[in-house]
Amino acid sequence: MILNLKNIFTEIGETTIFAKKFFKEVFIPPYETKEFFKQCYIIGYKSLPLVAITGFIMGLVLTLQSRPTLVKFGAESWLPGMVALSLIREIAPVITALICAGKISSGIGAELGSMKVTEQIDAMEVSAINPYNYLVVTRVLACTLMVPILVFFADAIGIVGGYVGINIHGDVNFYRFLTQIIQSLEFLDLFPATIKTFFFGFVIGMIGCYKGFTASNGTESVGQAANSAVVTASLSIFIIDMVAVQITDLFF
Amino acid sequence: MTEKLHKEPKTKDNDQSPIIEIKDLHKTFGKDNTILKGLNLILNKDENLVVLGKSGSGKSVTIKCIVGLIEPDQGEIKVFGENVLNISKNELNAIRVRIGFLFQSGALYDSMSVRENLSFTLSKHKRDLSADEIEKEVMEALESVGLAEAVDKMPSELSGGMRKRIGLARTLILKPEIILYDEPTTGLDTITSREISELILDIKNKQKTASIIITHDMACAKLTADRIIVLKEGVIHAEGTYEELEKDEDEWVRSFFQ
Ligand SMILES: Nc1ncnc2c1ncn2[C@@H]1O[C@H](COP(=O)(O)OP(=O)(O)O)[C@@H](O)[C@H]1O
Ligand SMILES: [Mg+2]
């Protein structure tokens, strides 16, 4: 147990050192623009279907689940606003981030892990190409920028899902539905929620890269790298979320 | 044994200073996994140095120390007269470009085609080359290993021998002055092994490179070696030409040649 705890702290320390390098390298040329856009495509565009499906289902289910309670209090008209608020503030960012942890973090962990194990990272290093710059900076940057966009996308699809959910029990005009949502939203609902998604994206990319880069030799460590990337990234997302909510609470 | 350590290298141009000089190299992994215990090694200009030794005796560790992939605990490594252990990253990279490293596995970039494997390395160092010039150099390097037709293949489509050759082509494209081969023929059939060995010799003659060749393949050693060293327990145990070591008084050394 104590050994375990020590391992956890060592791991956190090492990840932090690994991540610190990012802020140094990101400003140093050469800028790997081509690889960066390729990663944006893989991380962002290729995740759209998954995020769309989960976003839609979240909106739909949230509406159906909340409806009976609100009806009991005679507050059914609050339904659109409430669903949108829960989605934008909490559910879409966290669920999307978790989906990305499962898809992107593990993908990066496995990819870089196998590159490490088959000495491809060493090969870059000895041919005087900076593997951190080429592999890590591009992926982390792409994640940090793409995850917030994916979350926006999940927000939008989730709201459509909510509209479908409401329509199961009666006709509501989509325009009226949207007006209700916009009226109930404030700037402060959007702002902190968006900020935290950048952190989610950063952590998803960074943990995937760290686990891949530190994969030990042997093919089974590639699987381990992917697996522990998902676990660590998911846990980190919850912790960041908790901290973000506390901070938001303090200031607003 | 100590006498052998201090023997002068058996090459004709003793007057020239060595291009790689390792002094008293020590490396321990973890707490007590001591691999190198004061290794001394010299690589002369225009020389093919073959390194023999049992699996796990630290042959790969040694050449990884030379290019800065592994940091030794103690000792001195001079490449082209520069001490690579206490220079900046940029200076180290300037030396790395002049050294080719052929990994045991080939270490081709899986996600890139053969062409991209070669052009990636080249374009990172010569950013002002046009696409045509890069293509020309890529084809030249591929032709020098006899695999020009594989240019559009992916690494997963290549056989073991082809992977080694492409790895070599990727190394050659930067026109290195030293090439470090880590078991270039291991895992290949006899005929392919012979082809690779001949390629190593060919490259040395054409490009005037010096090489360290780690191998277990005595046919390869016989063909390529100007000088052979045998690693044992973290130091050089024996040194000489193929013919000398074949008749060494030490039975353990002779056993490599049977
Ligand atoms: N990166 C590393 N981390 C820990 N131990 C290592 C590492 N590289 C090599 N070793 C240890 O060094 C020993 C010798 O490795 P190596 O030089 O690859 O042997 P070989 O002579 O067969 O090439 C290995 O058995 C292993 O115990
Ligand atoms: Mg080895």
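1. A polar contact here is a pair of N or O atoms within 3.5 Å. With that cut-off in hand, let's look at ligand 1 in this predicted model. One of its oxygen atoms sits 3.0 Å from a polar backbone atom of Gly58(B), so this pair falls within the 3.5 Å limit.

2. Two further backbone partners are worth a look. For Ser57(B), a backbone N or O atom is 3.2 Å from an oxygen atom of ligand 1, and for Val61(B) the corresponding distance is 2.9 Å. On its own, ligand 1 has 560 Å² of accessible area, and the protein covers 60% of that.

3. Who else is around the ligand? The surrounding residues include Phe29(B), Asn33(B), Ile35(B), Lys54(B) and Lys59(B). Sorted by class, the shell holds 6 polar, 3 nonpolar and 2 charged residues.

4. As for secondary structure, at least two shell residues come from each of β2 (33-43) and α2 (59-66) of chain B. The top contributor is α2(B), which gives 3 residues. Chain B as a whole has 10 helices and 10 strands.

5. Now the overall fold. A compact globule of 258 residues would have a radius of gyration near 18 Å, and chain B agrees because its value is 18 Å. Its C-alpha trace spans about 55 × 45 × 40 Å along the principal axes.

6. Finally, packing and surface. Of the 258 residues in chain B, 52% are buried. Among contacts with a separation of 6 or more, 66% join residues 24 or more positions apart. The chain exposes about 11900 Å², with 47% of that supplied by carbon and sulfur atoms.

Technical notes. Residues numbered from 1 in each chain as written. Chains lettered and ligands numbered in written order. Predicted model: local features only at pLDDT ≥ 70, side-chain atom pairs only at ≥ 80, totals over all residues. Heavy atoms only, no water. Near = heavy atom within 4 Å. Polar contact = N/O pair within 3.5 Å; in protein donor to acceptor, adjacent residues only side chain to side chain. Areas by Shrake-Rupley, 256 points an atom, 1.4 Å probe, with all protein chains shown as cover. Helix = DSSP H or I, 4+ residues; strand = E, 2+ residues; numbered from the N terminus. Nonpolar A, V, L, I, M, F, W, Y, C, P; charged D, E, K, R; others polar. Rg over C-alpha atoms; globule rule 2.2 N^0.38 Å. Buried < 20%, exposed > 50% of the residue type's maximum accessible area, 1.4 Å probe, protein only. Contact = heavy atoms within 4.5 Å.
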